[in-house]
Every structure is written in C-alpha cells, then in structure tokens.
Amino acid sequence: MLISKSYIMKSKSYACGSWIQGGPGGTEVRDAVNGKIICNVSSTGLDFEKMVEYGRTLGSVALGDMTVHERANAVKNVAKHLLTKKDYFYQISSKTGATKLDSWIDIDGGLATMFSYSGIARREFANETFIVEGPPETLSANGTFAARHILTSKKGVSVHINAFNFPCWGMLEKIAPSLIAGVPVIVKPATVSAYLTQAVVEEIVASKILPEGAIQLICGGVGDLLDHLNEQDVVTFTGSATTGKQLRSHPNIIDNSIPFNMEADSLNCSILGQSVSVDDPEFALFIKEISSEMTAKAGQKCTAIRRVIVPATKVDAVTEALKSRLDKVVMGDPTAEGVRMGPLVGRSQRTDIRNAVAALSQHCEVMYGGNDANIQLVGDGVEEDAFYPPTLLYCAKPLATDAPHSIEAFGPVSTIMPYDSIDQAVAIARLGRGSLVGSIVTYDDHEATQIVMGAAAFHGRMLVLNRDCAKESTGHGSPLPTLVHGGPGRAGGGEELGGSRAIKHYMQRTAIQGSPTTLMAITREYMAGAKTSSTDRHPFRKYFEELVVGESLTTHRRTVTEADIVNFGCLSGDHFYAHFDEIAAKDSLFGQRVAHGYFIISAAAGMFVDPAPGPVLANYGLENLRFIEPVHIGDTIQVKITVKQKIKKDRRPEDKSPTGVVLWDVEVTKQDKVIVALYDILTLVERKRD
Ligand code: NDP
C-alpha cells in the first residue's frame, strides 16, 4: 500500500471532530533513513480551549454513559480494526528508522496492550459505569454505619504528551486505560515521529467505534492547552526530564492539582551476578540481553540498559563478548535484507547522542564505536545523518564518577562498570537515582535476593534472568500491560500500566459512608448488614434480569450427626484426627470432634440449591471462604444466600444462550445465630433477553 499524500505534505490534527491541516511555520520532519522530507508538522490554527471543552462536553459524557465493559469492548474493537491496517503502519514505521522487530514492539506491542486492557477490565470490574474497590469497611459496633470505596470517571480529558521513540505503543498504552476509565483523550505525539501516530489516529477515527469527542490529536506544539485544564483533567508525559519538570511546574498544573504522570530519562542497569562464570548459560544470556537492548530501536528505549555492572574479574570477558556480538550488527535501511539496526529517529537525536558521548568520554574510556567510528550502511539511498553506531564505554571507578549515572545517551550506548562485592553492585545500581527497570543475571537465588532487596526501592521493575526462565522471558526492556511501568526519582516518579491500576489512575477514588442498605443501593453490591428481600419463588428459578441485588433465601435447618462426619470422611478420604480421633480432638483447640469444613459447604449447597434445571446454569467458583466457628456433632446449621452482585456477560458466538454472572453471598450459621462459614459463590445465570 502506498503512503497517502497527507504524510508527505502537512501534518493534520484531529480537533473537535474535524481533521485540520497544520498552518504555516512548523517543523520539517524527515525520513530517518534517507533524509527526505516527509511532512511539515504544525498545530497552528488549533483552538486548544475548544478542544478541551469538546472533549469534556461530548467525549466525557458519551464515555461516562457507557459501562466499563462497553468501553473495554470498544477498545478491543478499535484494536481489531487497527490490526487489519498493520502492514500500512509497518510501512510508515520504517521511515522512523524502525526495523521490522522495532515496529513489532511499537505496533503489535501497542495493539496487544489494548487487547490486554480490554480483558483486564472485563475480568476484574463489574459491568457498571463505576468501579467498587476493596471490601466494605465496618465503622460502628452494631454494623449500621459502614463505608465503601468507589471510583468514578474524572469529568475531564486526559492529555498525553508522548516521546518520539514509540509513536504507536506510546499512545495506545495510555489511551486504552483512559478510555476504559471513561476519560476522553487528547494525544500529542513527539513531532519527529508524529506522522505514524497520525496514521493510527486516522484509522481510529475512520473506524467510528469510539463516541464523538473520545479522541483528539495534536500534531505540533500544544500552545496554551495546559492553561485550559482543570482539576478534572489528567496529564501524562513521556520524554526528557527537562521538559517534564518544566511542564509539571506549569502554574495551572500546580494551582489546580492536576495529576501529572511523568516518565523521564532512566539510566537502567543490568548486573551480572558474582557467581556467574564465563561458561555458565547466564553469561551468554547476559551478553545477549545487553546487546539486544543496545540495538533494539537503536537503543532509543526508555528501558534500554545504559549501565552494565559486572564483577571486576569479568570486565575483559564481558567486553570482548559484547564486541564480538556487536560486530555482527548490520546497520542501514531497516527494510533492507539483513539489517539489524536502523537509524535514530532523526538527525537532531544523533547530535544529542554525540554530545552525550562526548561528555561521557571525559570520564569514561570508549571501548567500541563512539563519535569517531566509521560506520558501514546497507541499503540504497541511505543517508548517514541519523545513524549512530553501537557504542561501549568503560568507567573504571563507578562509585566515584557521576557522569555515567547522570548523562543519558538516548541511543545504542552503554557503559561497563566493575564491582568487587554484591554490596558494591547494589551501591552502583542505586547511583542511577531511580530507574524504570534493573536486571540481574544469575543462577544464584541468594545473590538475586540480596540485589533485589538492596535495589528494589530504586526501581519500578526488576528482572532476574537465568537458564530456567530465559526461554520464555519477555526480557529486560519490555514493559508489560500487567506490570507497573515507571520508576522513582530520575525516572520521573510516575506509574503507568500495572494491570487495572492503570485504569484507576484516570478515576477519582471516593470513600462513601452510610448505612449498609444505602451503600448497597449506591454500589449495586450487597454487603453484610444491608436489608435483604425475598419472594415466594426460589432465586434459582429466576432469570438474570429478575434477580435483584439484596434478594435472599433462608433455607431449612439440618442437624449434623456423627454419621455425616463418618460418611464424609470415608467418601473424601479425609480422616484428620479432629474429625475421627475423640481423644486427640479433646486435646486440640476444638475440644471435641468437629465436622469437616468441606462437609459444611457441601451440605450448605444441598440446602440452598433448587435441583431442577433452570436459569441457573452452572456453579463455577467459590471465593473468600472463611470457616469462622467449628460445627460439632449435634449442632444445627442453616444457610442464607443473598444476591451480592450481578455482572452481565457479552454473548459469544459459541454460547447457547445469553448469560450473566451472579455472585451470591453465602452465610452458614448454627444455633444461636453463630456464624460458621462465610463465602461467595459464582453462578452462571441465563438471561431472558440477548
Ligand atoms: P522531549 O522532552 O523534548 O519531548 C517529549 C515530548 O514533550 C514530545 O512530545 C515533545 O513534543 C513534548 N514537548 C517538548 N517541549 C514541550 C513543551 N514546552 N510543551 C509541551 N510539550 C512539549 O524529549 P525528547 O523528544 O528529547 O525525548 C528524548 C528523551 O525522552 C530521552 O532523553 C529519554 O530519556 C526520554 N524518554 C523517556 C521515556 C520513558 O518512558 N521514561 C521514553 C522515551 C523517551 P515535540 O516533539 O513537538 O517537541
């Protein structure tokens, strides 16, 4: 597919429901490989105040009316649509200097993150417009006053100011949780690679899956955008610490306490364990990990390994092994056969790296590559201006030299540093003053534990790599949707991803206090102490739509006999002394023989089910089981089940009928209302309507 004309002319922004071509001025953006101009990026003419207002009035309201599951499905459908355009995005991506593997990280990685978030939201949250978090909090002696935490969508927009290195993933990993949270997005990609982000947003808009106002795009500067934000908005920033600090201290951000999540530079380290010898598989794993982190995306990854911390006795071996691996890295046009590393994203990025390496080499020795290296490039019409070779530096005294812990060369550049003891390795790691990720390559779990415990407080993520997990390891450099991405201090102090946490960052957490019945009405979840209701019909005879949260059934009673215990013990094979040995049971904490806990919940099921086929299709789980008091021979038990929560499920093609999940609160008591067991059961219940 050919790239449409819009990418070689003027950039376009998507504002207030229209595509607006950039006005005069702006920045010329070049193909990183051949230096040809791709487009001029400008946001001149955009009305940023109107954009914010548009997002707040249309996007926020439309998303706010959708349930979490509906938003999650929309995100999934957008990802499905984008998947069909993948080849087109790959073609554009190569112009940023990305090899096929680099594009895979950016494009497929971004889409996978969207799918992952859609699944996380539908699995972990109820199908409501809000989220209930954590268990009920009892606040009074008689249980009439309690509290719950809920999260509701912020009534504003989220502004995402992104870095140049991941024009696709960088946007998608942030918009997915925001949209699922119900907060419309305004995306501002870095100018130099904005044409790829624009292509993706064009497809998102063309798919018409998201409601109007849910997404807007700014190609070019943000003008006075930040002046128009308020306390309901959120800003995320990925880029240099200098810009981040400047934006974070914007008067309006400070005055309105606008949440500002920052992901900045990070001098990530990888430590080779002291126990690893050159012949161990871990040594080869270490070399492979360092060289692939140096060369993937030409080292332009916030998670790339900048500091290579190795036992002093292995510095030579590590250096030689890395050199011989880096020798094999073919540089050039990323679309040409055999090329493993493309150019940096632009010429100015090369200037930045040259300056950083010049500054580093005042304090470190250049062992490989560097500013004066000759580079061989493969491919027709390749222009050298944006290329920089893999470069290894050596810092002999890392504990006494600040430069390699503070100067970031955002490219294929790493510095080797020696250590003499694990304590020293930890001290060197800490000198990064906060990193996104650190890794340890060792087969010695004691060593790994020492390093993790010493350095975890300085890192957002730590990978321990060894022969057991290497084959399936996702690697040092890959942030994952389910794991926290972000680090303290120098890394910006922010937090992204991390499973459902990411969605909650765009919502307001509020503690709601009141009576259990009021809290049940607000949260649509039953809690102990709330008023329950019942009808003549057994709840298992009711369809999903007919069941009401708080509806309950109290069963008949059953007296537990010695025969029950003997029968259950023989059936299950559980002859634990507390059930069978009169003397031992007398000396135990129970004082006498007790019924099996699993007998109690089995007996409870027999008491509360309605046996005939009906709308309740299956029991597929039990959660939060607690045995509170023992049941002795002669005790009489009774069960109360209450509809605790209802979650409507999407009908899949293979489903015979539409269904929903009903969570039941189960309370087993014995005489004198003593609670014996508490738990929740999950049932699949048929819906009347699709
Ligand atoms: P910048 O800080 O210059 O740019 C980052 C983003 O901020 C871009 O979208 C940029 O837009 C925008 N921006 C710059 N100035 C302003 C401003 N005054 N107002 C509003 N937006 C602004 O970073 P670089 O492009 O130089 O990125 C390289 C650095 O980013 C690296 O040094 C690296 O450490 C860091 N980085 C960190 C990552 C992380 O996850 N922690 C990931 C990737 C990079 P424009 O391009 O239009 O100027």
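The expected span of a helix is 1.5 Å times one less than its number of residues. Keep that in mind for the first stop in this predicted model.

**Stop 1: helix α6**

Select residues 194-207. This is α6, a helix of 14 residues whose first and last C-alpha atoms are 20 Å apart, close to the 20 Å expected at 1.5 Å a residue. Now show the surroundings of α6: the helix is mostly covered, with 13 of its 14 residues buried. Step one residue past the end to Lys-208, which follows α6 and has a positive phi near 55°.

**Stop 2: the ligand**

Centre on the ligand and display the 24 residues around it; those that come nearest are Asn-162, Thr-191, Ser-240, Thr-243 and Ala-264. Three polar approaches to ligand oxygen can be picked out here. At Thr-191, a polar side-chain atom lies 2.5 Å from an oxygen atom of the ligand. At Ala-190, the atom to select is a backbone N or O, 3.4 Å from a ligand oxygen. At Gly-239, a polar backbone atom is likewise 3.4 Å from an oxygen atom of the ligand. Taken alone, the ligand exposes 900 Å², and the protein buries 79% of that. To see which elements contribute, colour β10 (234-238) and α7 (241-248), the elements that give two or more residues to the shell around the ligand. The largest share comes from α7, with three residues.

**Stop 3: the β3-β4 hairpin**

Move to residues 27-30 and 37-41. These are strands β3 and β4. They run antiparallel and are joined by four bridges. One pair to label is Thr-27 with its bridge partner in β4, Val-41. Six residues lie between the two strands of this hairpin, and Gly-35 takes a positive phi near 75° there. Is β4 enclosed or open to the outside? Four of its five residues are buried, so β4 is largely enclosed by the rest of the structure.

**Stop 4: the loop after α9**

Select Lys-297, in the loop between α9 (281-295) and β13 (305-311). Ala-298 is found in that loop as well. Most residues other than glycine have a negative phi. Lys-297, however, has a positive phi of about 50° although it is not a glycine, and for Ala-298 phi is also positive, at about 50°. Are these two residues buried or exposed? The cut-off for buried is under 20% relative accessible area. Lys-297 has 7% relative accessibility and therefore counts as buried. Ala-298, at 2%, counts as buried too.

**Stop 5: the five-stranded sheet**

Finish with an open sheet of five strands, ordered β24-β26-β27-β28-β25 with antiparallel pairing. Which strands stand at the edges? They are β24 (552-559) and β25 (616-627); each has a single partner strand, so one side of each is left without a neighbour in the sheet. Look along the sheet to see the twist: neighbouring strands are turned by 25° against each other on average, direction ignored. Then select β25 together with β28 (residues 674-686), an antiparallel pair joined by eight bridges. To place one of these contacts, label Phe-627 and its bridge partner in β28, Ala-677.

Technical notes
Residues numbered from 1 in each chain as written. Predicted model: local features only at pLDDT ≥ 70, side-chain atom pairs only at ≥ 80, totals over all residues. Heavy atoms only, no water. Buried < 20%, exposed > 50% of the residue type's maximum accessible area, 1.4 Å probe, protein only. Pairing = 2+ DSSP bridges. Axes fitted to C-alpha atoms, helices over the stretch in contact; angles between N-to-C directions. Near = heavy atom within 4 Å. Polar contact = N/O pair within 3.5 Å; in protein donor to acceptor, adjacent residues only side chain to side chain. Areas by Shrake-Rupley, 256 points an atom, 1.4 Å probe, with all protein chains shown as cover.
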